[in-house]
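I opened this structure to look up a few things in turn. My notes follow the order in which I looked.

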Amino acid sequence: MEFCRSSGFKNFVPVSGDGVSGENIKQTRKHTFTEGIHLLRRMKSQDDSTLFGGCAFNPFKYTPCDHFTQYFKLIKKINQGANFLVTQFGWDMLKLQELRWYLSSRGLYQPSIARLLLLTPEWVEQISAGKCPGVHISPDFQGILKKEVNYSYKQFEAAQWRRLQIQAAGCKLLGYSGVQIAGLKNAEQVSIACNMIVEALSEFKTFESWKNEYYEHLARAEMAPYPHRFYMFDKLFSEAHVDEFPSMKEGKIPQCSGSEKLHYKICEFLFSHASCQDADEHLITKKIFAGCRKCSFCRLPLTHYICPELCPKGLSNGPCGGSRADGSCEFGEMECIHSRRMRLASWLNEIDSLEEHYIKSAEKYSKAKK
Ligand code: SF4
């Protein structure tokens with residue numbers, strides 16, 4: 001933060017970041033990931049007006065657990081001082097509208113910036129191979145992109161510029177305050193992008209005309225990564241903005257198994273005071289029942305007895321944006337621990353706690369004792 005300030009930066013968006021490509025869970029755990037929410041809180045507590053803090057958010061989530069845990073974390077970030085938000089890039093405009101409707105329905109008017117990507121054949125290859133954490137494309141859209149890649153390069157490029165135009169104009173109509181465009185390689189491309197977006201803004205005068213072109217350009221492709229297709233609102237795209245929001249769908253949260261419930265009860269019996277006790281207390285039992293990794297302060301009672309250190313990035317306040325389309329962890333091999341927590345919270349009727357309680361960071365024991 002100090003570096004940003006002294007270098008003249010005005011806006012600051014802390015992110016926990018992606019894992020190193022090719023590394024597994026064990027290797028990832030050796031790195032330190034800082035949750036952006038802690039930095040936002042620090043800025044808020046210092047009443048720091050030199051930096052304008054925002055947060056990143058991934059609206060492109062398609063299972064109820066994955067989706068809601070993202071939104072709960074967003075609310076926490078806003079409560080901790082995020083003044084604006086920047087989305088992950090994606091091409092499903094229904095998901096971008098869902099985010100705007102959700103914020104308005106909660107009376108939140110933080111400026112939102114949609115991140116867009118000018119695709120190149122290399123990007124298409126990487127995304128199709130699942131090498132961009134948290135970026136999902138549907139089989140239909142993948143089919144369209146594959147066809148475009150087989151065109152001449154000029155035709156491929158023209159299709160991507162047109163897509164960028166349509167998306168940027170759509171964002172404006174949906175109430176986004178701006179777009180951030182990734183993938184532009186030089187000043188010439190920046191200038192082309194600016195001109196094309198200005199053109200698109202005057203081309204689409206109504207939401208209806210924009211919607212028709214969006215569908216036309218995508219040949220009405222399904223943009224959700226089948227079989228995962230959760231959207232929080234019915235009637236998305238019926239209008240750009242609504243005065244009365246359709247009721248929010250809860251979706252089908254998978255139930256906890258009997259052993260998960262038993263595990264919770266045992267941990268509750270054993271560790272309900274662990275956050276007020278010395279971290280060394282019950283170390284062996286905590287290791288057996290919760291996979292304890294000896295943090296400087298125990299967060300088990302605050303996290304439904306799922307140790308945040310089981311997350312390869314050690315995130316305690318909610319998920320990163322990198323989970324896969326089915327809601328499993330960015331690193332595969334396991335369910336995202338925050339989805340697991342969501343299932344427990346749903347069983348216990350404590351869903352609200354997921355957005356209400358900020359959980360402070362803890363150092364790993366070995367570091368803390370140095
Ligand atoms: S467990 Fe969840 S929050 Fe942690 S790295 Fe995996 S997807 Fe991200």
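These entries cover domains, cores, aromatic pairs, one helix, one loop residue and the ligand shell.

**Entry 1: domains.** I am working with a predicted model. I checked the domain assignment first. It gives domain 1 (54-217) and domain 2 (258-368). I then took the centres over C-alpha atoms and found 32 Å between domain 1 and domain 2. For the contact, I noted 19 residues from domain 1 and 23 residues from domain 2.

**Entry 2: nonpolar cores.** Which members of the largest nonpolar core touch the most other members? I found L74, W91, I127 and W210, in a core of 71 residues. Helix α8 (residues 153-174) is the top contributor, giving nine residues. I also see that domain 1 (54-217) and domain 2 (258-368) each supply at least three residues to this core. Apart from it, I located another core of 17 residues. Among its members are C256, Y264, C311 and I337.

**Entry 3: W210.** I followed W210 next. Leaving out residues up to four places away in sequence, W210 touches M93, I166, A169, G170, L173, F204 and F237. I also placed W210 in one aromatic cluster with F207, Y214, Y215 and F237.

**Entry 4: aromatic pairs.** How many aromatic pairs does a search of the whole structure find? I get 21. I looked at W101 and F233 in detail. Their ring centres are 5.7 Å apart and their planes meet at 65°, so I logged the pair as edge-to-face. This pair links distant parts of the chain. W101 sits in helix α5 (residues 93-105), F233 in the loop between α10 and α11, and 132 residues separate them. Are W101 and F233 buried or exposed? W101 is buried, at a relative accessible area of 2%. F233 is buried too, at 3% relative accessibility.

I then turned to W210 and Y214. They form a stacked pair, with 5.1 Å centre to centre and 15° between the planes. Both residues belong to helix α10 and lie four residues apart, about one turn of the helix. Residues three or four places apart in an α-helix point the same way, because there are 3.6 residues a turn. I recorded both W210 and Y214 as buried.

**Entry 5: helix α3.** I checked burial along helix α3 (residues 36-45). G36, I37, H38, L40 and M43 are buried there. What do the buried residues of α3 pack against? I found β1 (11-12), β2 (52-53), β3 (55-57) and α4 (64-79). Just after α3, I noted a positive phi of about 50° at D47.

**Entry 6: P254.** I went back to the loop between α10 (207-217) and α11 (258-271), which holds P254. At 46% relative accessibility, I count P254 as partly exposed, because that class runs between 20% and 50%. Leaving out residues up to four places away in sequence, P254 touches C65 and R343. I also took its C-alpha to C-alpha distance to G321, which is 20 Å, with the two positions 67 residues apart in sequence.

**Entry 7: the ligand.** How many residues surround the ligand? I get 14, and the closest are C311, C320, C329, E330 and C336. I sorted the shell by type: ten nonpolar, two polar and two charged. One of the closest residues, C311, is also a member of the core of 17 residues.

Definitions and conventions
Residues are numbered from 1 along each chain as its sequence is written. This is a predicted model: local features need pLDDT of at least 70, side-chain atom pairs count only at pLDDT 80 or more; totals for chains, interfaces and linings use all residues. Side-chain values use heavy atoms; hydrogens and water are left out. A residue is near a molecule or strand if one of its heavy atoms lies within 4 Å of it. Ala, Val, Leu, Ile, Met, Phe, Trp, Tyr, Cys and Pro count as nonpolar, Asp, Glu, Lys and Arg as charged, and the others, Gly among them, as polar. A nonpolar core is a set of buried Ala, Val, Leu, Ile, Met, Phe, Trp, Tyr and Cys residues joined through side-chain atoms within 4.5 Å. Buried means under 20% relative accessible area, exposed over 50%, partly exposed in between (1.4 Å probe, protein chains only). Helices (H or I, at least four residues) and strands (E, at least two) are DSSP runs, numbered from the N terminus. Domain bounds come from an automatic or database domain assignment. Contact means heavy atoms within 4.5 Å. Rings of Phe, Tyr and Trp (its six-membered ring) pair if their centres lie within 6.5 Å; planes under 30 degrees apart count as stacked, over 60 as edge-to-face and the rest as tilted.
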